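Open the model in your viewer and keep the sequence panel beside it. Each stop below gives a selection and then what is there.

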Amino acid sequence: MPHPVVKDTVLCLRDGVSLSLGPDGTDVLEVRGGDAPLRLTPEQLAAVEAFALPRTLESGVRAVARRIRAEGPADALAAVVHLLESGVLRTFVAAGAPPPPPRKLNRAGFFGSPTATLHEALSDSSVAAVFAGAPYDLGVTGRSGTRGGPSYLRTCSRVAFDYEERNGSALGWWHPGRGSRVLAGTIFRDIGDFSADTTRNGVMFDRLYETALSLFQSGRFPVVVGGDHSISLPLITAAAKSHPGLGILQFDAHGDIGASEDMGNWRTNCSHGNFISWVASNPDVASIHQFGIRHLLPERPFAPAKVKTFTGRTFAASFEQILDELPADRPYYVTFDVDCLDPSLISQTGTPIPGGLSYEELSRCFTALGAKRRIIGADVTELTPPTIPTDYREGTLVAYLVFELLAGIFAGRGKRAG
Ligand SMILES: [Mn+2]
């Protein structure tokens, strides 16, 4: 079993060890106040001698190998590891050495949060929200370019927000509009981007599904940043698998529904313009509410019974009443297509449609969501980087909306639990 000592840690013999000759002539190591004397092999004896002076693990193993003239370093390493595990070696701290500096957070992730592996995010129970990027735009019917969305939004959100942790807890942010701190105690991690995929509806969709499923099942709140809107199909499939009876809340200019009841195989046919057809046919999805729909189509799309559509922007004024009428015991997933906003605000999207929501309208809707209903995960799609890379305006606007969504959700969770 590998020992959890990093190779450049400095080690030395612990205090109170002494060597003596055993009755049968073998070398014996006695540890004052410790367990029974250790009978040493020649390799272990060489290791005791080598660490009489403080050394790094690596240099100690080399010294042992020289002493025993071993064929390879394996015997020497095994001897050192044995002493470590028996407690004969300890980490060396020079007298008067300053204490090690507190570990600095890397702030390379969304909102300046630390990056982590999926395994780290899953094994640290304090982690609440997990960001991931899906740089994928093979499912578009119009302009491509949303593959650059995750990195653009990561940069904009990092510039606009300073995530901070102190004593293992997130500080959150002072919210002038609310007159209080928000997201205090909500630990964020960013597990990075899924590797780019050249297969349409291929490996990335499988990875999105599996990763999202592991996050949902462990109670983490995933926030996946696309990419085109088709990435929501594997995410919602995972959400519904772990939370059967799921409700979908979709903010979008387009209904993303195909023309017929049976759209066939999603592997060959799914795009960002029809993925809701497969979401609607999922028996674990109980309802789909669409907000902001205004795209003109050559023919009326097939209307699955579980889909309810609110067109244009007029719903925003009565959004809280609409939420009040949604089943209260149902878990909900939010899918946010940035083209639900007006193109005067968001022009960097593949298929902009006039007559969209204002920032204030959508911000109020997002704030209300968490207060009114239990939200288990979210995605953000269809944001394209600008032609001028340093133009952060649209990315910052989207970052603020995601922030308001999360602030509302985690404030609502606190109230429901308390
Ligand atoms: Mn869409």
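The tour goes through sheets, loops and helices in turn. Keep in mind that this is a predicted model.

**Stop 1: the open sheet**

Select E1, residues 10-13. Add E5 (55-56) and E6 (89-91). These 3 strands form an open sheet, ordered E5-E1-E6, with antiparallel pairing. E5 and E6 stand at the edges with a single partner strand each, so one side of each has no neighbour in the sheet.

Now look at the E1 and E6 pair. How many bridges hold this antiparallel pairing? There are 3 bridges between E1 and E6. Show Leu-13 and find Leu-89 of E6 opposite. Then show Cys-12, whose bridge partner in E6 is Arg-90.

Move to the other edge. E1 and E5 run antiparallel and are joined by 2 bridges. Val-10 is the residue to pick here, with Thr-56 of E5 standing opposite.

**Stop 2: the loop after E6**

Follow the chain out of E6 into the loop that leads to helix H4 (118-123), and stop at Arg-107. Is Arg-107 buried or partly exposed? With 16 other C-beta atoms within 10 Å, Arg-107 is partly exposed, because burial takes 20 or more.

Select what Arg-107 touches beyond four places in sequence: Gly-112, Ser-113, Pro-114, Arg-158 and Tyr-163. Then draw a distance from Arg-107 to Glu-164. Their C-alpha atoms are separated by 8.8 Å, although the two residues are 57 residues apart along the chain.

Stay in the loop between E6 and H4 and pick Phe-111. Check its backbone: phi is positive, about 60°, and Phe-111 is not a glycine. Most residues other than glycine have a negative phi. Phe-111 counts as buried, with 25 C-beta neighbours inside 10 Å.

**Stop 3: the parallel strands**

Select E14 (residues 246-251) and E15 (residues 285-293), which pair in the parallel sense over 6 bridges. Ile-248 stands opposite Ile-288 in E15.

Add E16, residues 307-311. E15 and E16 also run parallel, joined by 5 bridges. Show Phe-291 and Phe-310 of E16, which stand opposite one another.

Next, go to the loop between E14 and helix H8 (266-269) and pick Asp-256. What is the sign of phi in Asp-256? Phi is positive, near 55°, in a residue other than glycine. Asp-256 is buried, with 26 other C-beta atoms within 10 Å.

**Stop 4: a cis peptide**

Select Gly-226 and Gly-227. The peptide bond between them is cis, with omega near 15°. Most peptide bonds are trans. Gly-227 lies in the loop between strand E13 (221-226) and H7. That loop leads to the next stop.

**Stop 5: two packed helices**

Select H6 (residues 203-217) and H7 (residues 232-242). At what angle do H6 and H7 pack? The angle is about 35°, and the axes are 8 Å apart. The crossing of H6 and H7 is right-handed.

Show the side chains of the contact:

- From H6: Phe-205, Leu-208, Tyr-209, Ala-212, Leu-213, Phe-216 and Gln-217.
- From H7: Pro-234, Leu-235, Thr-237, Ala-238, Ala-239, Lys-241 and Ser-242.

Colour them by class. The contact of H6 with H7 has 10 nonpolar residues, 3 polar and 1 charged.

Keep H7 selected and bring back its surroundings. Why is H7 described as largely enclosed by the rest of the structure? Because 9 of its 11 residues are buried. To see the buried stretch, select Ser-232, Leu-233, Pro-234, Leu-235, Ile-236, Thr-237, Ala-238, Ala-239 and Ala-240.

**Stop 6: helix H11**

Finish with H11, residues 359-372. How far does H11 reach from its first C-alpha to its last? Its 14 residues reach 20 Å, close to the 20 Å expected at 1.5 Å a residue. Now select the buried residues of H11: Glu-361, Leu-362, Cys-365, Phe-366, Thr-367, Leu-369 and Gly-370.

Notes. Residues are numbered from 1 along each chain as its sequence is written. This is a predicted model: local features need pLDDT of at least 70, side-chain atom pairs count only at pLDDT 80 or more; totals for chains, interfaces and linings use all residues. Axes are lines fitted to C-alpha atoms, for helices over the stretch in contact, and angles run from 0 to 180 degrees between N-to-C directions. Helices (H or I, at least four residues) and strands (E, at least two) are DSSP runs, numbered from the N terminus. A crossing is left-handed if the near helix is turned anticlockwise from the far one by less than a right angle, and right-handed if clockwise. Two residues are in contact if their C-beta atoms, placed from the backbone, lie within 7 Å. Ala, Val, Leu, Ile, Met, Phe, Trp, Tyr, Cys and Pro count as nonpolar, Asp, Glu, Lys and Arg as charged, and the others, Gly among them, as polar. Two strands pair if DSSP finds at least two bridges between them. A residue is buried if 20 or more other C-beta atoms lie within 10 Å of its own, exposed if 12 or fewer, and partly exposed in between; C-beta atoms are placed from the backbone. The expected span of a helix is 1.5 Å times one less than its number of residues.
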